[in-house]
Amino acid sequence: MMEKTIPARSMSRAWIGRYSLAWLGLWMAYLVPQQFAMPDQLARVDPAGRITDFGVINAVCGVVALFTLPLFGTLCDRTRSRFGRRRLWVAGGATLFAGGLVATGLQSDWTGIGLSWLACSIGFCMATVGFTALVADQVPEAQRGTVSSAMFGPQTIGVVVGLFCLTAITGDLPRYLLLAAGVLVLAAPFVLKHRDTTTTRPDGGVGLREFVASVRDNPAFAWTFGTRVLMNLANALATSYQLYFITDVLRVAHPEQVLLLLTLVYLGWTLVSVYFCGVLSDRLGRRRVFVACGATGQALGCAAVAIAPGTASALVATSLFGVGVGAFLAVDQAIITAVLPAAENRARDLGIMNIGLFGPQTLGPLLAGLVIDGLGGYQVLFTLAGLTSLVSGLLIYRVSSVR
């Protein structure tokens, strides 16, 4: 195994800005359909089976991601072209993602929605593999908290902007067309300007053997992977069925408006937390404490809504949850790039690590649907999410190579 190489050249503000802008388009188009557009679409095409349909669609996408993320990572490491390798995967993934969004907007049954969204998920995975490998390739350690904030801060902005736009638009196709345009337009400045650095040739293949080897031979990598899985699973459990929770439990007159309010509160606190903690972690040179605080914030938010479900407690819970999620996201990518085993297989190992991000987000709704329908409802669901979050905060202290 070759020794890791650490980038030395600082990234400019313009580079970070273009990188953040591209993520804004990706997050908006990936998260808004899952929180609003797709649940709303499914509720109209299959009202009785909406929860099951949503869970199955996300489960299938999650299983596919388990294979495609490390596969795409390995292929990205091996790609050689005049257009570059990371940039080629970013451009190809964004294009496939946009095409899948248009196809989703044209569907009138849940299976068609599921297949089209699968294409979206594959495109998103392709772009993500290229984008995350760029951080390990080119961003120095001292800037990785800032760049992690630049990656995940747009998550909050994208959801707010997307929800505002989509709730004002009627019709599935216009909604998805807007998201598709956002992906392409916002990714274009980065794709056109970025130039990849030269790197070593990759070593090894991809598959179950390589996955096991990466986890078995690198304890820090394994514990970081476990932390990421549980933290994102807690997030998915708590947020997947927000619209249905507001409709079925809170029983308010205008659930879409309450969803927008809660989303604004949640994302506002997340935005403040992610940028503040990202800069602070770079200055302090510490990462793990932010994960622990983030896990505690998520757990407290879950506890609030599990103990006393209501609109007021939901607002309190949403605030706590946002602060916690922001603290975690601020250092997530910085920790991951610090524990990568080798420079020559960065995209492959990041593909494996990204299973811990997208796997829970896609499989979480299936587990949440089972809990809601057969294991005690929303209070049990929020309790499970809170406990899962706390365990993730404990696991990060097994990563001794990161302060």
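Reader: What makes aspartate 248 and arginine 50 a salt bridge?

Author: In this predicted model, the closest N and O atoms of aspartate 248 and arginine 50 are 3.5 Å apart. The cut-off for a salt bridge is 4 Å between a side-chain nitrogen of Lys or Arg and a carboxyl oxygen of Asp or Glu, so the pair counts as one.

Reader: And what does that pair tie together?

Author: Aspartate 248 sits in helix 9 and arginine 50 in helix 2, so the bridge links parts that are 198 residues apart in sequence.

Reader: Why is aspartate 248 called partly exposed?

Author: Its relative accessibility is 29%. Buried means under 20% and exposed means over 50%, so aspartate 248, at 29%, lands in between and counts as partly exposed.

Reader: Which other residues of helix 9 are buried?

Author: Helix 9 covers residues 242–250, and Gln242, Leu243, Tyr244, Phe245, Ile246 and Leu250 are buried there.

Reader: What comes after helix 9, and what is its phi?

Author: Arginine 251 follows, and its phi is positive, near 55°. That is a positive value in a residue other than glycine. Arginine 251 belongs to the loop between helix 9 and helix 10 (255–284).

Reader: How do you know that arginine 251 is exposed?

Author: Exposed takes over 50% relative accessible area. Arginine 251 has 66%, so it counts as exposed.

Reader: Back to salt bridges: how many are there in the whole structure?

Author: A search turns up seven. One of them pairs arginine 44 with aspartate 40, with the closest N and O atoms 3.2 Å apart. That is within the 4 Å cut-off, so the label applies.

Reader: Why are arginine 44 and aspartate 40 said to be about one helical turn apart?

Author: Because they are four residues apart in helix 1 (residues 13–45), which puts about one helical turn between them. An α-helix has 3.6 residues a turn, so residues three or four places apart point the same way.

Reader: Are those two partners buried or exposed, or something in between?

Author: They get separate labels. Aspartate 40 has 17% relative accessibility, under the 20% limit, so it counts as buried. Arginine 44 has 46%, between 20% and 50%, so it counts as partly exposed.

Reader: What about arginine 287 and aspartate 282: what makes them a salt bridge?

Author: Their closest N and O atoms are 3.0 Å apart, so they pass the 4 Å test. Arginine 287 is buried, and aspartate 282 is buried too.

Reader: Which residues do salt bridges with shared partners join into a network?

Author: Asp40, Arg44, Asp172 and Arg175 are joined into one network that way.

Reader: On to helix packing. Why is helix 4 called roughly antiparallel to helix 5?

Author: The axes of helix 4 (residues 110–138) and helix 5 (residues 144–167) cross at roughly 165° and come within 11 Å. Angles over 145 degrees count as roughly antiparallel, so this pair earns the name. The crossing of helix 4 and helix 5 is right-handed.

Reader: What makes helix 3 and helix 4 roughly antiparallel?

Author: Helix 3 (residues 86–105) packs on helix 4 at an angle of about 160°, with the axes 7 Å apart. That angle is over 145 degrees, so helix 3 is roughly antiparallel to helix 4. The crossing of helix 3 and helix 4 is left-handed.

Reader: How do you know that glycine 145 is buried?

Author: Glycine 145 lies in helix 5. Its relative accessibility is 0%, under the 20% limit, so it counts as buried. Its C-alpha atom is separated by 9.2 Å from that of leucine 329, a residue 184 places away along the chain.

Reader: And why is leucine 163 called buried?

Author: Leucine 163, also found in helix 5, has a relative accessible area of 2%; that is under 20%, so buried is the word. The C-alpha atoms of leucine 163 and valine 32 are separated by 6.5 Å, and the two residues are 131 apart along the chain.

Reader: Last one: which residues form the nonpolar patch on the surface?

Author: Val63, Leu66, Phe67 and Leu363 form it, with about 350 Å² of accessible area together. Helix 2 (residues 50–78) gives the most, with three residues.

Reader: What makes leucine 66 partly exposed?

Author: Leucine 66, which lies in helix 2, has 34% relative accessibility; that is between 20% and 50%, so it counts as partly exposed. Patch members need over 30%, so leucine 66 clears that bar as well.

Notes
Residues are numbered from 1 along each chain as its sequence is written. This is a predicted model: local features need pLDDT of at least 70, side-chain atom pairs count only at pLDDT 80 or more; totals for chains, interfaces and linings use all residues. Side-chain values use heavy atoms; hydrogens and water are left out. Patches are made of residues with over 30% relative accessible area and no salt bridge: like charges are joined within 9 Å, nonpolar side chains (Val, Leu, Ile, Met, Phe, Trp, Tyr) within 5 Å. Accessible areas come from the Shrake-Rupley method with a 1.4 Å probe; for residues, only the protein chains shown count as cover. Helices (H or I, at least four residues) and strands (E, at least two) are DSSP runs, numbered from the N terminus. Buried means under 20% relative accessible area, exposed over 50%, partly exposed in between (1.4 Å probe, protein chains only). Axes are lines fitted to C-alpha atoms, for helices over the stretch in contact, and angles run from 0 to 180 degrees between N-to-C directions. Angles under 35 degrees count as roughly parallel, over 145 as roughly antiparallel, 65 to 115 as roughly perpendicular and the rest as oblique. A crossing is left-handed if the near helix is turned anticlockwise from the far one by less than a right angle, and right-handed if clockwise.
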